[in-house]
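Take a look at the model below and try to find where its chains meet. Have the sequence handy as well.

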Amino acid sequence: MNLGSTPLIWVTFFPLAGVLIILFLKPEWKKAIRWTALITSLAVFGLSVWVLALFNAANPDAQLGVNQAWFTLGGNQISFHLGVDGLSILLLLLTTLLSPIAILSTWKAIEEKVKGFMIFFLLLEVGLVGVFLALDMVLFYIFWEFTLVPMYFLIGLWGAERRIYATLKFFLYTMAGSLLMLAGILFVGLKYGGFDLTTLTSTANIPLTVQMWLFVAFGLAFAIKVPVWPLHSWLPDAHTEAPTAGSVILAGVLLKMGTYGFLRFNLPLFPQATIQAAPYVAALGIVGILYAAMVAYRQQDVKRLVAYSSIAHLGFVMLGLFALDQLSVEGAILQMVNHGLSTGALFLIIGFIYERRHTHQMDAFGGLWKVMPVMGSLALVVTLSSAGLPGLNGFVGEFNILVGAFGSKALGSPWFAGVATLGVILAAVYLLHMFQRVFLGPVTHEENLKLKDMSLREIIVLVPILILIFWIGIAPQTFLNLIAPAVEKLLSVVSAAGLALV
Amino acid sequence: MSGIPLVYYLGLAVILFSLGAAGVLIRKNALVVFMSLELMFNSANLLFITFSNYYKALDGQILVIFVLATAAAEVAVGLALMVAIFRSKGSIDLDQMNKLKG
Amino acid sequence: MILSDALAILPLILLIVWAMIVLLIDLWIPKGRKGITALLTVIGLAVALVLTVMQANSPTSAFSGMIKVDGFSVFLNILYLASGIAGVAISFDYLNRMDLQHGEYYVLMLFSIAGAMLISYAADLIIIFLGIELLSIPLYVLAGIARSQGSSEESSLKYFLLGTFASAFILFGIAWLYGAGGTTNLAGLVTAIPDGLNSAGALPMLLAGAGFLVAGIGFKVAVVPFHAWMPDVYQGAPAPVTGFMSVVAKAAGFAALMRVLFIALTTETGDVTPVLAAIALLTMIVGNVVAIAQSNLKRMLAYSSIANAGYLLMALVPYSNPAVQADSVASALFYLAAYALTSFGAWAVITMMEKGEIQGSEFSDIAGLGKKNPLLAAALSVMMLSFTGVPLTLGFWGKFYLFRTAIEGGFIWLAVAGLLTTLVSAYYYLRVVVMMFFRDGDPDLKYSFWASTVVFFGALGLVVLAFFPDMMFGLATKAVLLLK
Amino acid sequence: MNTSQLFALAPWVVLIPVIALLINLIVSGRLGEKFAGILASSAAALSFVVSILLAIALGSDPMGSTISLGTWINIGNLSIDWAFRVDTLSVMMMLVVSGVGTLIHIYSIAYMHADVRLNGDLKRYTRFFVFMNLFIASMMLLVSADNFLMMFVGWEGVGLCSYLLIGFWFEKGKDGTANAAAGKKAFITNRIGDFGFLVAIFLIYWNFGSLQFDKVFSMAPMVATAMPGAALAITLFMLLGVTGKSAQLPLHVWLPDAMAGPTPVSALIHAATMVTAGVYLVARSAPIFSQVPGGQTAVTWVGTITALFAATIALGQNDIKKVLAYSTISQIGYMVAAVGMGAYVAAMFHLITHAFFKGLLFLAAGSVIQAVERGEEAAHSEEIDPQDMRQMGGLRKRLPLTFWTYLIGGLSLAAIAPLAGFFSKDEIVAYASANHAAVFWILLIAAFFTALYVGRQISMVFLGSPRSKAAGHATESSPTITVPLVILAVLAAFGGVLNLPGLQWLETWLAHTFGTVAPSQFVWLVALGSLALGLVGLAIGWLIYGRTPVKVGKPDPLKKPLGFIFTGMQNKWFVDEIYNFLIITPFNALAQFFAGPIDLGSIDRVANGLASGTQAVAGGIRKFENGFVRSYAFWMLLGLAAIMTYFILR
């Protein structure tokens with residue numbers, strides 16, 4: 001195989017090179033370890049940009065594919081099949097972008113066991129990239145489950161007080177879903193012609209009742225990961241206890257695995273079940289939007305608040321996906337990225353504050369904008385991006401989701417989008433509430449008076465995200481053009497199946 | 001022997017087996033339990049002999065020899081074990097053997 | 001004729017003869033130098049291993065069809081012999097440390113392996129019985145080898161009495177099958193039963209025989225409700241014995257079960273599938289659920305072993321479906337191999353922890369191991385993840401294949417239930433990781449080079465083989481092809 | 001030079017302030033206050049110049065043009081450009097925004113100089129001008145947008161600026177959080193309105209297939225007949241947006257609190273420009289509204305009732321800015337009523353004059369407030385609320401320039417001829433008299449109240465003698481502050497020329513956008529009647545408040561005759577309390593219920609319960625493992641028996 005023509009292999013496994021180097025570094029050489037990890041992840045980002053350069057946006061199919069037979073098992077071929085298409089390209093870029101950012105954010109935050117941290121982090125990146133690129137169901141599952149392990153250690157070893165509880169909960173809860181998916185994967189692979197997604201989508205013709213069962217089996221795994229209400233209770237704990245970099249990746253990328261899963265599996269493989277289930281899933285998404293927003297509003301811990309905001313945001317994504325409208329699905333994909341950026345940035349800022357104050361309780365803050373003007377201003381932009389202010393990234397996603405869902409034929413009623421739009425109000429409620437409690441008002445604690453404003457490193461960490469926040473807000477077409485053909489194709493598959501249903 | 005129906009033998013074997021099993025369940029002296037186990041072995045032997053006779057084939061009877069040999073080995077191990085335990089504990093009461101549980 | 005028969009089971013003969021020789025030589029080896037005995041044992045095992053590998057491509061039948069040398073037996077015998085070597089490795093330092101330098105320890109191990117090998121060769125019910133006895137009797141002794149310890153004695157006696165009880169079941173079952181078919185030959189039974197007794201009498205006898213056999217062998221492999229002995233024995237017996245037992249006795253039990261199920265009981269009328277399904281389900285549930293309540297590592301691993309028996313049995317449930325049989329056997333063999341690697345690794349760590357009278361093997365005893373001995377802890381974590389079935393370990397592929405088989409056989413509900421119990425298992429396996437890495441403590445670990453080697457070798461194997469599972473799949477599949 | 005080429009300048013009305021604010025951000029105060037203030041003011045002024053150029057171009061080519069900068073969102077059928085619409089309506093708004101905006105920027109240079117010193121954070125000077133420029137940019141975006149979504153960007157953008165500027169002194173106010181809370185309240189209330197606007201946009205997209213103004217408007221008659229329900233819904237949801245942004249009932253509650261912002265902010269955002277965005281929206285969407293009578297009626301009545309409602313409250317306030325705030329709500333009520341009735345030109349006319357006189361009033365009030373603060377400092381008096389009118393009095397002598405400009409503004413507000421406010425308000429009232437009798441009478445009553453509170457305010461602030469040491473020591477403001485006052489006073493006085501009956505310049509100008517509009521009439525009877533009413537109101541105000549000074553702690557003179565009605569006025573008719581009781585408290589309780597009993601107590605507990613339940617089961621099963629050989633044997637036999645039973649029964 002010519003290595004030069006296989007950028008996807010490079011982008012997936014390059015972090016392992018960093019792992020290998022770090023393995024040979026002494027644990028005391030923290031600087032060297034950090035730089036190795038950072039440079040590795042930056043290189044991976046570079047590689048993913050290379051992938052983007054080679055990517056043909058007009059082609060709706062998977063591209064740059066690598067398809068190597070791995071082994072056969074009882075008549076089933078399991079392949080090492082990677083490929084990138086419009087559904088995954090943005091998530092790939094998001095992953096590779098957030099990784100160096102998260103690594104850079106740990107410079108001061110992680111002082112103990114740096115070696116282990118970086119190794120796990122780079123391993124996690126391998127898993128995440130693999131999830132988005134895998135086109136073989138078994139390969140997908142391997143990457144999917146594998147991400148649990150490094151994340152488990154990241155939370156368990158570098159987390160906060162209740163980290164053990166949180167990490168076990170995270171592991172077991174999400175594993176519960178994936179096990180059902182495994183059953184589903186095995187079933188599909190056995191009965192409907194193998195594990196390769198590209199051939200499955202074109203050949204599988206699954207009876208409706210079977211589709212329903214499989215939809216549930218796959219859907220539960222993804223729904224837990226997203227998380228869809230009411231399967232969300234692992235998330236606030238995991239977020240609160242995770243170290244900053246972990247939260248960034250958890251919110252920024254890990255949750256997208258769930259929504260991506262719906263997009264990659266449920267929609268094309270079980271289109272008829274999708275159509276049948278769409279209103280119900282969308283309704284759950286809407287409940288999530290409103291419910292999580294209200295719960296977020298009552299949190300005292302700022303990280304918990306943002307965690308619940310994630311649930312609400314991903315509710316929008318779920319609504320968009322299951323509205324099955326070109327607008328809403330494209331909006332949903334964009335919103336996955338948006339959420340990764342703005343929530344990631346929020347966690348970073350919370351992390352910066354934590355490094356200074358060692359608490360997440362909002363009671364301990366107040367008036368920080370006065371003490372740290374730069375941080376306050378950047379936090380404001382990020383908060384507004386999260387609240388969906390027009391001109392920033394969040395709005396473009398939310399608007400497309402809502403406008404698409406409003407006239408969606410799959411949902412059949414404008415009420416879905418109408419009620420979901422209330423979430424826009426609630427988002428303002430809890431986010432401004434948070435901003436006020438942390439940054440506005442008088443400085444009520446002595447120790448807050450002497451806090452240092454953001455360092456250059458911290459600003460550098462945030463700048464790429466801020467650029468994208470504005471970029472996507474003002475000129476989203478750059479990104480929408482990448483996903484449009486793939487979404488169009490996907491929806492034509494679904495609607496064709498829908499016709500067969502009638 | 002030909003006069004006695006097959007079922008009688010089988011019935012006897014089952015009764016012996018049940019007696020042995022009951023002994024295992026209700027006795028607390030390890031030695032007696034072991035004797036009950038031997039009874040169960042021998043009920044199987046009875047079956048072998050019976051069927052061997054029924055089929056007019058020798059392999060059933062050969063089998064019994066094998067069984068007796070293994071049973072002897074078990075006796076050797078079992079008795080040694082019980083002696084050892086009796087030495088250290090002064091009793092082979094099975095009801096005292098419940099340190100390991102849960 | 002006699003010579004060719006002997007040649008067929010040459011590895012077995014060699015092992016037994018060698019065991020006797022070692023027993024004799026050992027008399028002249030002083031207590032402090034039992035390393036020689038160990039070395040001799042390993043040499044014997046290695047030679048037998050080589051001989052077995054040489055058998056790989058020449059399936060034969062011997063002793064008037066009572067012995068079958070086929071892919072199945074070769075695969076398993078390699079597993080047993082390799083386990084024997086691993087068993088010696090994890091025992092050696094332990095025995096020295098615990099002052100248990102008895103030469104007969106290794107000899108008993110050899111005999112036990114010989115029994116297991118006999119089972120894998122078996123093509124006749126009586127061979128199976130003999131094999132089981134030859135396997136078990138040395139194990140009874142091994143379990144009680146730490147004579148001075150009450151727990152060891154107790155475990156030994158319990159194992160002995162209940163094992164004999166189970167043997168009685170097996171024997172009784174064999175007798176009924178003999179009655180049903182007039183033969184004890186496995187293959188012969190299939191053909192004999194329809195025209196043996198009048199069909200009205202044959203069927204009940206067949207079923208009775210099958211029932212007793214399943215119960216008896218169920219004891220050996222420890223499936224619910226025949227499992228109760230296992231936690232007590234595993235906990236009370238010295239750790240290396242348990243480690244050895246957990247692999248060899250389990251594999252041998254399954255070998256016996258597979259031989260019986262796939263050759264003798266494939267008749268429609270004798271279908272015990274529902275029974276197996278129920279037992280598998282119960283076993284997976286009880287094993288996993290009770291394991292989470294354990295605070296002792298050995299006991300936890302015992303229940304884990306029970307649960308694993310449930311998974312293995314699950315793959316055998318659709319045994320009467322000809323389309324699935326090949327996958328059934330192959331997946332079970334594959335899983336056994338993965339299980340062997342994992343189990344030895346885990347038990348090897350415990351041999352280094354154990355202090356006698358079941359001291360040192362509590363969960364709390366490994367707290368902080370990640371700090372004190374990160375490599376070992378990492379390796380043990382790999383074992384735990386493999387047990388759980390997390391990808392990029394061999395255990396994942398093992399489970400993957402098992403569940404696939406169950407689904408292929410149409411037992412989707414059983415597979416789903418099994419998968420959910422896997423979730424329960426994740427909890428207690430992860431607790432080990434939690435203890436080692438996330439909790440502080442000062443573990444008292446008596447380092448042993450040989451045991452550590454087993455751990456690292458196992459961990460490495462689990463991870464590396466996970467990338468090339470086709471090697472193992474290939475072997476397992478080949479074993480099945482030659483079974484017929 | 002062909003003047004229509006000037007249309008291409010349109011985007012610069014937004015870009016110039018953006019560039020200026022970026023420069024200010026980057027420099028971030030390192031070049032001193034002067035630089036920041038002058039840069040920002042020049043940006044506003046440049047925008048104004050561009051607006052004038054656009055107006056000139058429109059003079060020769062009144063149909064205007066659309067300038068597109070590029071695609072924003074393009075998915076499927078949805079295609080939205082960053083496109084700027086240049087027509088008479090939008091340019092009129094641009095002129096108002098940038099014109100008044102420039103003056104207020106200049107005013108702020110001095111005002112904020114003092115303000116940042118008073119509040120003790122000099123660094124925030126630059127920040128203020130960044131926000132102000134951001135506001136100009138957003139407002140320009142709002143008025144120059146060529147489609148509903150881009151308009152929404154500006155719409156939310158001005159809301160954001162409002163939020164930021166209200167909470168500009170976020171550590172001040174009652175308990176240190178009142179300002180921040182006011183900002184939040186404004187934003188969230190606005191968001192409720194924005195929710196309506198958004199839903200309206202969804203409806204427009206799915207019923208019209210586009211969000212571009214021309215396309216939508218050309219289809220409006222067709223859609224209105226084919227889908228009257230949808231059309232009505234569009235107008236009603238838009239109305240919700242209007243009530244939010246323009247502080248109409250029932251979403252008016254944020255505006256009075258918004259007075260927490262620095263006074264120039266109140267003048268620019270919360271009087272002259274942003275709050276009139278709702279009026280602009282309806283005017284812009286006139287082609288839709290004119291097809292939906294039901295929607296029009298709703299708009300009319302919301303505006304009418306608000307006009308009266310807010311005017312009554314204004315009468316009961318003692319805070320100089322609160323009075324003006326409620327006055328603003330009331331005046332916008334007039335405009336909303338006007339657009340509702342279809343009197344678009346009258347509404348826009350009033351919008352312009354209101355921008356002049358209300359901007360003036362706020363700036364003058366700011367001058368008063370700072371004068372009192374200076375007085376406070378000079379007199380070393382105990383700290384008083386510098387905005388409390390009861391602490392003022394007699395400022396006429398101390399602040400002559402401020403007084404005269406304030407007086408002009410006040411009289412214009414009270415619609416005293418021949419000031420600008422007279423003509424614009426009269427046009428609305430005259431239109432109502434011809435079309436909606438009920439509306440007409442209510443507006444008249446509101447006009448009376450307007451004059452009354454104006455009279456009351458001028459009396460309390462400027463007439464009589466100082467009622468506090470601070471007021472006695474107040475000094476006139478610097479020219480940077482007074483010059484904009486004078487300019488605005490001139491505009492407030494003579495702004496009526498714009499659409500003077502007979503000349504009707506504005507009408508002709510806007511007709512290019514609205515199409516033929518019904519010519520506005522000047523009804524002598526109505527004009528004289530309302531003028532008389534205004535004079536009477538002023539007189540009563542002076543009679544009551546000019547002669548008996550109201551002091552802190554003493555009841556208001558109106559309290560006695562009006563009784564509980566006045567209590568209602570003073571307490572804003574308890575709307576905040578009602579909302580608190582009906583919405584906020586239940587919302588908080590519900591949220592708390594979700595967060596506590598539901599989320600932690602149920603959902604999380606189920607998840608954890610599954611785990612602990614399994615634990616419990618494990619503990620239960622464990623008991624069977626009792627260590628006795630006989631019971632183990634018993635389980636085995638039991639298992640065997642079960643198998644046999646199955647075989648027998650099957």
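What follows is a short tour of chain D and the neighbours it touches.

First, some ground rules. This is a predicted model, where local features need pLDDT of at least 70, side-chain atom pairs count only at pLDDT 80 or more, and totals for chains, interfaces and linings use all residues. Residues are numbered from 1 along each chain as its sequence is written, chains are lettered from A and ligands numbered from 1 in the order in which they are written, and side-chain values use heavy atoms, with hydrogens and water left out.

**Chain D itself**

Chain D holds 27 helices and two strands (DSSP runs numbered from the N terminus: H or I of at least four residues for helices, E of at least two for strands). Its C-alpha trace spans about 110 × 65 × 55 Å along the principal axes. Of its 650 residues, 61% are buried (under 20% relative accessible area with a 1.4 Å probe, protein chains only; exposed is over 50%, and partly exposed lies in between). If you take the contacts in chain D (heavy atoms within 4.5 Å) with a separation of 6 or more, 80% of them join residues 24 or more positions apart.

**Two interfaces side by side**

Five pairs of chains touch, and chains A and D have the most contacts among them. Chains A and B, on the other hand, do not touch: their nearest C-alpha atoms are 25 Å apart. The table sets out the area buried at two of the interfaces of chain D. Buried area is the accessible area (1.4 Å probe) that two parts lose on being put together, summed over both.

| Interface | Buried area | Carbon and sulfur share |
|---|---|---|
| Chain A and chain D | about 4,900 Å² | 73% |
| Chain D and chain C | about 2,400 Å² | 75% |

**Where D meets A**

Here 60 residues of chain A are in contact with 55 residues of chain D. Two salt bridges cross this interface (a side-chain nitrogen of Lys or Arg within 4 Å of a carboxyl oxygen of Asp or Glu). In one salt bridge, the side chains of Glu171(D) and Lys370(A) come together at 3.0 Å, N to O. Helix H18 of chain A, residues 415-439, gives the most to the side of chain A that touches chain D, with 13 residues.

**Where D meets C**

The contact here takes 22 residues from chain D and 36 from chain C. Which three residues supply the most of the area that chain D buries against chain C? They are Glu625(D), Met636(D) and Phe647(D), which supply 25% of it. The rule finds one salt bridge across this interface: Arg299(C) pairs with Glu625(D) at 3.9 Å, N to O. Helices H26 (575-622) and H27 (629-649) of chain D each supply at least two residues of the side that touches chain C, and H27(D) gives the largest share, twelve residues.

So what does H27(D) look like? It has 21 residues and reaches 30 Å from its first C-alpha to its last, close to the 30 Å expected at 1.5 Å a residue (1.5 Å times one less than the number of residues). Its buried residues include Met636(D), Leu640(D), Ile643(D) and Phe647(D). An α-helix has 3.6 residues a turn, so residues three or four places apart point the same way.
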